[in-house]
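Here's a quick walk through this protein, from the overall fold down to its pockets and one residue. Have the model open as you read.

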Amino acid sequence: MKTERANIAVFISGSGSNLQALIDNSKSGKLSGDIVLVISNKSKAFGLKRAQDAQIDTFVFKKKNYNSESEASEDLLKKLTERNIDYIATAGYLQLLPVNVVQEYKNRIVNIHPALLPKFGGKGMYGEHVHEAVLEAGETESGPTVHLVDEIYDNGQILEQIKIPVSGNDTPETLAERVLEQEHILFSLALDKLIKGKYEITHG
Ligand code: GRF
């Protein structure tokens, strides 16, 4: 396990508030790694602006810009290896990572999900859909999960969760806001522990 600071790539599709928390925690020393590359499948994602403001390199990765899926995934892996990326964080990235990337970075990719997995995960469970489902199911608690990434949506080993109470007055928006606040703390904490080799990897 590396003892120097790790190089981290963050994948986003949208606002990037989790990316911002990772950047801030990296600068303050709570996260023992540097965000050196931000990758988005959306060229207008606000998270790209956050990265540029923090002088972090960005890369817009769109499969449709390549002749084939394999050409796309090879180019993506090349970008990651050229930048000496050690760890990957997917923070509101609404696509599956290519299999070659998942395999190359096995047990070094973390994702944040806004509910208590294994409940309320899987394809289509993102953004407001998650919080709507939690409320519809009458759950009394929710909260973020950080897990390792494998080839299946929201399936890898769970590393950390924070439970918060769901109130009878919650709307998807109020619940999302409270969960997001916790996400901003939990993601850096989990990634920092992973970098420091503090988890026992039990899956795969
Ligand atoms: C977060 O709720 C995260 O859990 C989910 O997507 C959302 C991304 O928000 N995977 P942001 O782009 O980090 O603000």
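## Overall build

A residue counts as buried when its relative accessible area is under 20%. By that yardstick, buried residues make up 49% of the 204 in the protein. Keep in mind that this is a predicted model.

The chain folds into six helices and nine strands. How does the radius of gyration of the protein sit against that of a compact globule? For 204 residues, a compact globule would come out near 17 Å, and the protein has 16 Å, so the two agree. Along the principal axes, the C-alpha trace spans about 50 × 40 × 40 Å.

## Contacts and surface

Take the contacts in the protein with a separation of 6 or more: 66% of them join residues 24 or more positions apart. On the outside, the accessible surface comes to about 10,200 Å². Carbon and sulfur atoms account for 49% of that surface.

## The largest pocket

If you're hunting for open space, start with the largest pocket, which holds about 1,000 Å³. Its lining takes in 48 residues, and Ala91, Gly92, Tyr93, Leu94 and Tyr126 are the ones nearest the centre. Sorted by class, the lining of this pocket has 21 nonpolar, 18 polar and nine charged residues.

Which helices and strands each supply at least two residues of that lining? On the helix side they are α1, α3 (69-82), α4 (99-104), α5 (128-136) and α6 (172-195). Strand β5 (109-113) does so as well.

## The second largest pocket

The second largest pocket has about 170 Å³ of space. It is lined by 12 residues, with Lys106, Asn107, Val149, Asp150 and His203 closest to its centre. Here the lining splits into three nonpolar, six polar and three charged residues.

## A look at Ser26

Now zoom in on Ser26, which you'll find in helix α1 (residues 17-28). Helix α1 has already come up, as one of the elements that give at least two residues to the lining of the largest pocket.

Is Ser26 buried or exposed? Its relative accessible area is 9%, and the cut-off for buried is under 20%, so Ser26 counts as buried. What does Ser26 touch, once its neighbours within four places in sequence are set aside? The list is Arg5, Leu31, Gly33, Asp34 and Ile35.

Terms used. Residues numbered from 1 in each chain as written. Predicted model: local features only at pLDDT ≥ 70, side-chain atom pairs only at ≥ 80, totals over all residues. Heavy atoms only, no water. Helix = DSSP H or I, 4+ residues; strand = E, 2+ residues; numbered from the N terminus. Buried < 20%, exposed > 50% of the residue type's maximum accessible area, 1.4 Å probe, protein only. Contact = heavy atoms within 4.5 Å. 1 Å grid on protein atoms, 1.4 Å probe; cavity = no way out; pocket = protein on both sides within 12 Å on 5 of 7 lines; lining within 4 Å. Points joined across faces, edges and corners; volume = space filled by probe spheres on them. Nonpolar A, V, L, I, M, F, W, Y, C, P; charged D, E, K, R; others polar. Rg over C-alpha atoms; globule rule 2.2 N^0.38 Å. Areas by Shrake-Rupley, 256 points an atom, 1.4 Å probe, with all protein chains shown as cover.
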